[in-house]
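Hi,

Here is the structure I promised to pass on. Please have a look at it first, and then read my notes below.

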Amino acid sequence: MSLSGAWYLGLAAIVFTIGAIGLMVRRNVLIMFMCIELMLNAANLTFVTFARMLHDIGGQAVVFFVLVVAAAEVVVGLGIVVTNFRRRATTVADDLDSLKG
Amino acid sequence: MVHATLLLASTRPTWPDILVFAASAAVILVGAVGVVTSRNPVHAALSLVMTLFGVAVLFIEQEADFLAAVQIIVYAGAIVVLFLFVIMFLGVDRAEDISVEPLMGQRPLAFVFSAITLGGVLAMAATAHWVTGARQVVGPIEGHVAGPNSPAGEPAQLGKQLFTTYLFAFEATAALLVIAVVGAVVLARRPPTVHAEQEDTTDSELSA
């Protein structure tokens with residue numbers, strides 16, 4: 001028998017917080033994307049934990065969809081990063097200040 | 001009330017379970033901190049792989065074997081490789097200076113608000129039940145799908161639910177992936193109005 005779900009959920013909360021801090025603190029767009037992946041993984045871990053605690057396959061099915069959405073998000077996001085890099089030669093979010101008044 | 005007693009009736013974990021959880025939790029946390037603190041994007045991507053492997057181990061520990069395999073194949077095999085490809089393609093695999101704080105007071109504020117949120121969530125969870133509700137609404141995690149000779153186990157159940165209960169969502173993800181592919185192609189394409197000989201001068205002008 002595995003550990004109680006509280007341990008897994010606590011770990012997921014900590015990982016989500018680390019990802020959120022990274023998203024707020026870092027300026028490199030690529031690393032900000034990786035922090036989003038961290039947060040999505042923390043959410044996946046909670047879904048799998050709830051699936052085990054309730055003995056319900058529904059939680060695992062949701063994880064499947066989260067994976068698909070994460071893949072689509074990364075594809076489009078990195079496409080935007082590459083397009084932007086061609087114009088401005090930077091991946092730092094602070095340098096994208098064309099709309100600044 | 002069956003579910004409350006069943007949730008509390010879990011047997012005591014054995015020491016291999018504790019060892020596996022502790023090891024993967026350490027791997028996950030070290031990787032997560034590595035993603036945030038790495039100065040080189042390549043190191044951040046490799047730390048992300050570390051975290052993803054740890055999460056996959058915890059998936060296996062929680063009877064989600066199929067999702068663990070998908071996690072490795074899709075995340076570590078596709079998404080991180082895509083990240084690394086873009087990092088190498090753009091040539092931004094240099095260490096950057098993260099000691100300067102571009103926005104005054106942003107980092108302390110980010111830490112304070114994140115700590116408040118995390119502490120609130122953990123305190124709320126410690127004083128309340130982690131999970132409530134009916135058990136097995138969609139279906140059991142394991143078991144035979146139809147008859148005694150039919151496929152059994154967690155992948156079979158997951159497949160059955162994906163193509164029955166979640167069929168609409170499944171089709172919607174198909175549409176989403178097609179949209180993402182079209183979007184990526186449109187973004188990656190250079191503007192057709194610029195001719196090949198003009199393109200070099202335009203690029204140099206833009207980067208200048």
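One cut-off before anything else: buried means under 20% relative accessible area, exposed means over 50%, and partly exposed is what lies in between. Also keep in mind that this is a predicted model.

I'll begin with the charged pair. Searching the whole structure turns up 1 salt bridge over all chains. The partners are A:Asp94 and A:Arg27, whose closest N and O atoms are 2.9 Å apart. A:Asp94 sits in the segment after H3 of chain A and A:Arg27 in the loop between helix H1 (5-25) and H2, so the pair ties together parts that are 67 residues apart in sequence. As for how covered they are, A:Asp94 has 37% relative accessibility and so counts as partly exposed, whereas A:Arg27 is buried at 15%. In general, side chains of opposite charge can pair when their charged atoms come close.

Next, some backbone angles in chain A. Most residues other than glycine have a negative phi. Which residue in the loop between H2 and H3 of chain A caught my eye? That was A:His55, which is placed in that loop. A:His55 has a positive phi, near 50 degrees, and is not a glycine. With a relative accessible area of 24%, A:His55 is partly exposed, because that value falls between the two cut-offs. A:Ala89 is another non-glycine residue with a positive phi, near 55 degrees. You'll find A:Ala89 in the segment after H3 of chain A, and its relative accessibility of 49% makes it partly exposed.

Over to chain B. Chain B has 8 helices and 0 strands, so there's no sheet to look for, given that strands would be runs of E with at least two residues. Of its 208 residues, 31% count as buried. Among the chain B contacts with a separation of 6 or more, 46% are between residues 24 or more positions apart. The chain exposes about 12500 Å², and carbon and sulfur atoms supply 71% of that area.

Helix H4 of chain B (residues 65-90) is worth a careful look. At 1.5 Å a residue its 26 residues should span 38 Å, and the end C-alpha atoms are 36 Å apart, which agrees. There is a kink in H4(B) too, of about 25 degrees and centred on B:Tyr75. B:Tyr75 is one of the buried residues of this helix, a list that also includes B:Leu67, B:Val70, B:Ile79, B:Phe83 and B:Leu90. What covers them? The cover for the buried residues of H4(B) includes parts of both chains: helix H2 (29-54) and helix H3 (58-88) of chain A, along with helix H3 (41-61) and helix H6 (154-163) of chain B. Just after H4(B) comes B:Gly91, with a positive phi of about 70 degrees.

Last, a piece of surface. Which residues make the nonpolar patch of about 400 Å²? They are B:Leu109, B:Val112, B:Phe113 and B:Ile116. B:Phe113 belongs to helix H5 (residues 106-127) of chain B. Its relative accessible area is 51%, so B:Phe113 counts as exposed.

Have fun with it, and tell me what you think.

Cheers

Note on methods: Residues are numbered from 1 along each chain as its sequence is written. Chains are lettered from A and ligands numbered from 1 in the order in which they are written. This is a predicted model: local features need pLDDT of at least 70, side-chain atom pairs count only at pLDDT 80 or more; totals for chains, interfaces and linings use all residues. Side-chain values use heavy atoms; hydrogens and water are left out. Patches are made of residues with over 30% relative accessible area and no salt bridge: like charges are joined within 9 Å, nonpolar side chains (Val, Leu, Ile, Met, Phe, Trp, Tyr) within 5 Å. Accessible areas come from the Shrake-Rupley method with a 1.4 Å probe; for residues, only the protein chains shown count as cover. A salt bridge is a side-chain nitrogen of Lys or Arg within 4 Å of a carboxyl oxygen of Asp or Glu. Helices (H or I, at least four residues) and strands (E, at least two) are DSSP runs, numbered from the N terminus. Buried means under 20% relative accessible area, exposed over 50%, partly exposed in between (1.4 Å probe, protein chains only). The expected span of a helix is 1.5 Å times one less than its number of residues. The bend at a residue is the angle between axes fitted to the seven residues ending there and the seven starting there. Contact means heavy atoms within 4.5 Å.
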